[in-house]
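Me: I'm new to reading protein models. Could you walk me through this one, feature by feature?

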Amino acid sequence: MKQGGSDAAKRAAGEAAAETAEDGMVIGLGTGSTAAHAIRAIGRQVDAGLDVVGVPTSFQSRELARTAGIPLADLDEVTVDLAIDGADEVAGGDLVKGGGAAHAREKIVDASADRFLVVADPTKMAETLSYPVPLEVLPAARTTVAESVRELGGDPDLRRAERKDGPVVTDNGNLVLDCAFGEIADPAALAADLATLPGVVEHGLFVDVADAVYVGSEDGVTVREL
Ligand SMILES: O=C[C@H](O)[C@H](O)[C@H](O)COP(=O)(O)O
């Protein structure tokens, strides 16, 4: 994962995006260290009287939102007005996500939102996407999907857990293949190819889904509308 960005930069981005929350909104709550700052900030606003409902994108964001005191709903009960989520890499309006293996639920929530704000630090910004694309795959499809990824020119790597023997298992009970493709000249074309592979639950390319990117730094936040 690109984790080189400072916590201050992540905080600046997360807190600035959280400022756009308004009374009555349903807010998609992203996953990861940058989105966590937004969740904590929204929690503080709820403490101060803001009336919103959160839709978590992972076990982790649900836990954090509960601790922060944000009322929660499931996506099948509401429609999302605003989503705030991090990214592993951002190029133009396209993203690679899933460094925390949460991209399947994130994509459902982020893509359904009226407005999706990406929160990032400068280390995430690139001219061209080249970050390995995570694929969430059904366990039985691990080998066939890996073979298909090689045929597409990629190098798949089963994600291993750091504090357990064996692979990472997603919140949905599936495995993750991190697939290096080098520089991704045409993210939309690769996204279309990956989406057709049997057994792929979701890939981590988010093409033309975001509405704005909030890039934090120690000196402030730059907002790029897309
Ligand atoms: O699955 C995880 C998500 O896509 C995260 O939003 C992404 O990995 C960025 O996380 P962080 O803000 O910790 O770098």
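Reply: Happy to; we'll go through the ligand shell, the helices, the strands and a few single residues. Please keep in mind that this is a predicted model, in which local features need pLDDT of at least 70 and side-chain atom pairs count only at pLDDT 80 or more, while totals for chains, interfaces and linings use all residues. Residues are numbered from 1 along each chain as its sequence is written.

Me: Let's start with the ligand. How many residues surround the ligand, and which are the closest?

Reply: A residue is near a molecule if its C-beta atom, placed from the backbone, lies within 6 Å of it. Here 19 residues surround the ligand, and the closest are Gly32, Thr34, Gly86, Gly99 and Gly100. The elements giving two or more residues to this shell are α2 (33–47) and α4 (103–112). Of these names, α marks a helix (a DSSP run of H or I, at least four residues) and β a strand (a run of E, at least two), numbered from the N terminus. The most comes from α2, with three residues.

Me: How do the residues of the shell divide into nonpolar, polar and charged?

Reply: Ala, Val, Leu, Ile, Met, Phe, Trp, Tyr, Cys and Pro count as nonpolar, Asp, Glu, Lys and Arg as charged, and the others, Gly among them, as polar. By that scheme the shell has five nonpolar, ten polar and four charged residues.

Me: Which residues of α4 are buried?

Reply: Burial is a neighbour count: a residue is buried if 20 or more other C-beta atoms lie within 10 Å of its own, exposed if 12 or fewer, and partly exposed in between, with C-beta atoms placed from the backbone. In α4 the buried residues are His103, Ala104, Arg105, Glu106, Lys107, Val109 and Asp110. That is seven of the ten residues of α4, so this helix is largely enclosed by the rest of the structure.

Me: And how do I describe two helices that pack together?

Reply: Two packed helices are described by the angle between their axes and the distance between the axes. Axes are lines fitted to C-alpha atoms, for helices over the stretch in contact, and angles run from 0 to 180 degrees between N-to-C directions. Take α2 and helix α3 (residues 59–68): they pack at about 25°, with their axes 8 Å apart. Angles under 35 degrees count as roughly parallel, over 145 as roughly antiparallel, 65 to 115 as roughly perpendicular and the rest as oblique. The two helices α2 and α3 are therefore roughly parallel to each other.

Me: Is Asp47, in helix α2, buried or exposed?

Reply: Asp47 has 11 C-beta neighbours inside 10 Å, so this residue counts as exposed.

Me: Now the strands, please. What holds a sheet together?

Reply: Strands of a sheet pair through backbone hydrogen bonds, either parallel or antiparallel. Two strands pair if DSSP finds at least two bridges between them. One open sheet here has three strands in the order β4-β5-β11, with antiparallel pairing. Strands β4 (89–91) and β11 (205–206) stand at the edges, each with a single partner strand, so one side of each is left without a neighbour in the sheet. Three bridges join β4 to β5 (residues 94–96), and Val90 has Leu95 as its bridge partner in β5.

Me: Where can I see parallel pairing?

Reply: Look at β6 (residues 115–120) and β12 (residues 212–217), which pair in the parallel sense over four bridges. There, Leu117 stands opposite Ala212 in β12. Strand β12 also pairs with β13 (residues 220–225), this time antiparallel over six bridges, and a hairpin joins β12 to β13 through two residues.

Me: What about the two faces of a strand?

Reply: In a regular strand the side chains alternate between the two faces of the sheet. In β7 (residues 133–137), Val133, Leu135 and Val137 lie on one side and Pro134 and Glu136 on the other, and all are buried. Strand β7 pairs antiparallel with β9 (residues 175–180) over five bridges, and three bridges join β7 to β10 (residues 200–203), also antiparallel.

Me: Last one: which way does phi usually go?

Reply: Most residues other than glycine have a negative phi, and most peptide bonds are trans. Ala101 has a positive phi of about 65° although it is not a glycine. Ala101 sits in the loop between β5 and α4, and counts as buried with 25 C-beta neighbours inside 10 Å. Asp208 also has a positive phi, of about 60°, and lies in the loop between β11 and β12. Asp208 is partly exposed, with 13 other C-beta atoms within 10 Å.
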